[in-house]
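Reader: Could you take me through this structure slowly, explaining each term when it comes up?

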Protein chains: 2
Amino acid sequence: MKKIEFARETLADAAYAQIAEGILTHDLGPGARLLMDDLAARLGISRTPVREALHRLEMERVIEPGGRRGYIVRELTDAELDKQYAARGAIEPFALAEVARRGGAAAKYVRSTFEELVSAPQTTAMEVFLVNKAIHRCTVEALDNEYLLSMFDVIWQTAMAAHVWADILESRSSVDFPEMHRPIVEAAESGDPELASKVAREHILAGRGLHSIHSAQPVV
Amino acid sequence: MKKIEFARETLADAAYAQIAEGILTHDLGPGARLLMDDLAARLGISRTPVREALHRLEMERVIEPGGRRGYIVRELTDAELDKQYAARGAIEPFALAEVARRGGAAAKYVRSTFEELVSAPQTTAMEVFLVNKAIHRCTVEALDNEYLLSMFDVIWQTAMAAHVWADILESRSSVDFPEMHRPIVEAAESGDPELASKVAREHILAGRGLHSIHSAQPVV
DNA sequence: CCATCGAATAAGGTATACGGTATACGCAAA
DNA sequence: TTTGCGTATACCGTATACCTTATTCGATGG
């Protein structure tokens with residue numbers, strides 16, 4: 001059941017969602033300049049909520065100030081991807097190990113979330129991104145610690161700007177996303193924190209390798 | 001030479017700083033209700049920059065929405081302190097271990113930052129907070145990874161609302177803040193990631209214990 | 001005294017106007 | 001052709017007005 005909460009949604013929230021979607025789907029590609037007046041005209045609303053949405057995206061490091069003229073959609077370099085994956089290394093093994101240590105409800109939560117997500121649609125870049133994020137996020141959610149969640153989100157929000165998700169999708173014939181994550185779930189249920197930490201670290205290392213595979217191909 | 005950059009400060013930035021200071025110094029105590037119109041009048045500016053500042057503090061979890069009426073300054077419960085310290089456990093041992101692994105410039109940065117901070121003034125709650133934060137933050141800064149830094153800041157920004165820093169200060173006769181952190185620096189220089197991780201974890205555990213000591217005293 | 005209803009008020013989201021600053025453009029002089 | 005200067009324009013931060021919604025308050029009736 002999906003609770004209807006759109007009565008609480010502000011124009012700023014809607015603007016944020018629209019701009020974020022544009023970034024993820026390449027409508028607003030890397031390096032694109034976002035001017036609040038233009039976006040306001042395009043979205044048919046005033047500048048105020050657009051300004052808020054842009055500030056939020058800035059805080060999430062999805063965009064960066066473009067001098068005196070608006071914002072620029074950030075493009076993640078290889079070096080920055082390395083940093084993202086290093087940061088993932090700080091939190092995801094920690095979280096998975098803790099889930100394994102606790103077992104019980106925490107592990108069950110990871111399992112049930114995974115089973116729901118296995119059959120979720122993954123035909124667009126956005127869907128791939130959201131499912132991947134959700135699978136990893138559930139291992140942190142299971143710990144019921146808002147700080148850990150925010151730390152996770154710090155990384156994954158910016159990952160939105162990593163257009164490599166669409167690129168990985170292009171080579172999907174060689175990548176089975178749900179099955180790649182099954183070891184995560186099994187580790188969560190293992191009761192062995194050391195094993196869980198190891199599985200998470202290896203998964204992250206392998207994930208970074210997927211990006212490398214793409215980078216090795218010529219850009220047309 | 002200090003570059004003059006105050007021309008870049010907006011009223012929203014100034015409002016943020018003022019409100020944050022009020023929260024840390026108890027002028028705006030826990031549970032206090034912040035209404036943007038009141039604050040605007042008090043600060044002598046319009047609602048717009050105040051609104052921005054409040055949103056920023058909200059995102060940093062220093063304040064939370066108070067239903068339809070403004071924001072409430074959050075008070076950290078014991079349970080939430082536990083979560084903060086757990087989250088610290090994810091990132092600070094990771095960072096210190098990495099500094100130890102790298103050694104060289106990273107370890108030197110931690111040492112030099114520490115030596116600067118040892119003699120920094122620590123007579124007010126704010127000063128104690130800032131120095132403590134800076135010492136721990138430098139172990140993350142040394143890694144030059146903005147994601148790790150943001151993860152660190154996610155925890156420590158909210159810690160601003162932890163008024164226990166002033167309380168710990170009251171019992172300072174039994175706490176030597178700089179010396180408490182010297183093992184951190186030595187671990188950074190040790191070249192031993194496992195040792196560094198252990199030192200960080202123990203330091204965090206001991207730090208949580210300081211809060212407990214306070215909580216055990218009657219509240220007058 | 002308590003419950004209900006309508007009006008007033010409080011508070012915030014949004015639209016729009018104003019002003020400041022940086023940048024771009026056009027023109028004249030060297 | 002290049003450089004410098006003045007003007008116009010672009011863009012954003014801020015102030016203020018307007019509108020909506022929720023809450024509070026006061027009056028009335030049972």
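Author: What follows is a set of questions and answers on the chains, the sheet, two residues and the DNA strands.

Author: This is a predicted model, in which local features need pLDDT of at least 70 and side-chain atom pairs count only at pLDDT 80 or more, while totals for chains, interfaces and linings use all residues. Residues are numbered from 1 along each chain as its sequence is written, chains are lettered from A and ligands numbered from 1 in the order in which they are written, and side-chain values use heavy atoms, with hydrogens and water left out.

Reader: What pattern does chain A follow along the sequence?

Author: Helices (H or I, at least four residues) and strands (E, at least two) are DSSP runs, numbered from the N terminus. By that definition chain A has ten helices and three strands. Read along the sequence, they give the pattern α-β-α-α-β-β-α-α-α-α-α-α-α.

Reader: What percentage of the residues of chain A count as buried?

Author: A residue is called buried under 20% relative accessible area, exposed over 50% and partly exposed in between, with a 1.4 Å probe and protein chains only. Among the 220 residues of chain A, the share that counts as buried is 50%.

Reader: How are the two copies related?

Author: The copies are superposed by least squares on the C-alpha atoms of residues with pLDDT of at least 70 in both. A turn of 180° with a shift of 0.0 Å along the axis lays chain A on chain B with an RMSD of 0.1 Å. The two copies are therefore related as by a two-fold rotation axis.

Reader: Which residue of chain A has the C-alpha nearest the axis?

Author: For the axis of the 180° turn that lays chain A on chain B, the C-alpha in question lies 2.3 Å away. It belongs to A:Met151.

Reader: In which order do the three strands of the open sheet in chain B stand?

Author: In general, strands of a sheet pair through backbone hydrogen bonds, either parallel or antiparallel. Two strands pair here if DSSP finds at least two bridges between them. In chain B the pairing is antiparallel, and the order of the open sheet is β1-β3-β2. Because β1 (33–34) and β2 (63–65) each have a single partner strand, one side of each is left without a neighbour in the sheet, and the strands at the edges are β1 and β2.

Reader: Which residue in β3(B) is the bridge partner of B:Ile63?

Author: Strand β3 of chain B covers residues 71–73, and β2(B) pairs with it in the antiparallel sense over three bridges. In β3(B), the bridge partner of B:Ile63 is B:Val73.

Reader: Is B:Leu34 buried or exposed?

Author: B:Leu34 has its place in strand β1 of chain B. Counting contact as heavy atoms within 4.5 Å, and leaving out residues up to four places away in sequence, B:Leu34 touches several residues, including B:Ile19, B:Leu54 and B:Ile63. With a relative accessible area of 2%, B:Leu34 is buried.

Reader: With which side chain does that of B:Asn132 make a polar contact of 3.4 Å?

Author: B:Asn132 lies in helix α6 (residues 125–141) of chain B, and at 4% relative accessibility B:Asn132 counts as buried. A polar contact is a pair of N or O atoms within 3.5 Å; within protein, one must be able to donate a hydrogen and the other to accept it, and residues adjacent in sequence count only if both atoms are side-chain atoms. The 3.4 Å contact joins the side chain of B:Asn132 to that of B:His181.

Reader: Which element supplies the largest share of the surface near DNA strand C?

Author: A residue is near a strand if one of its heavy atoms lies within 4 Å of it. For DNA strand C, α1 (11–24) and α3 (47–59) of chain A and α3 (47–59) of chain B each supply at least two residues of that surface. The largest share, three residues, comes from α3(A).

Reader: How far is a base nitrogen of DNA strand C from an N or O atom in the side chain of A:Thr48?

Author: Of the atoms of DNA strand C that come within 4 Å of the protein, sugar and phosphate account for 70%. A backbone N or O atom of A:Leu11 lies 2.2 Å from a phosphate oxygen of this strand. The side chain of A:Thr48, in turn, has an N or O atom whose distance from a base nitrogen of DNA strand C is 2.9 Å.

Reader: Which element gives the largest share of the surface near DNA strand D?

Author: Around DNA strand D there are 17 residues, and among those that come nearest are A:Arg51 and B:Leu11. The largest share of the surface near DNA strand D is three residues, and these come from α3(B).
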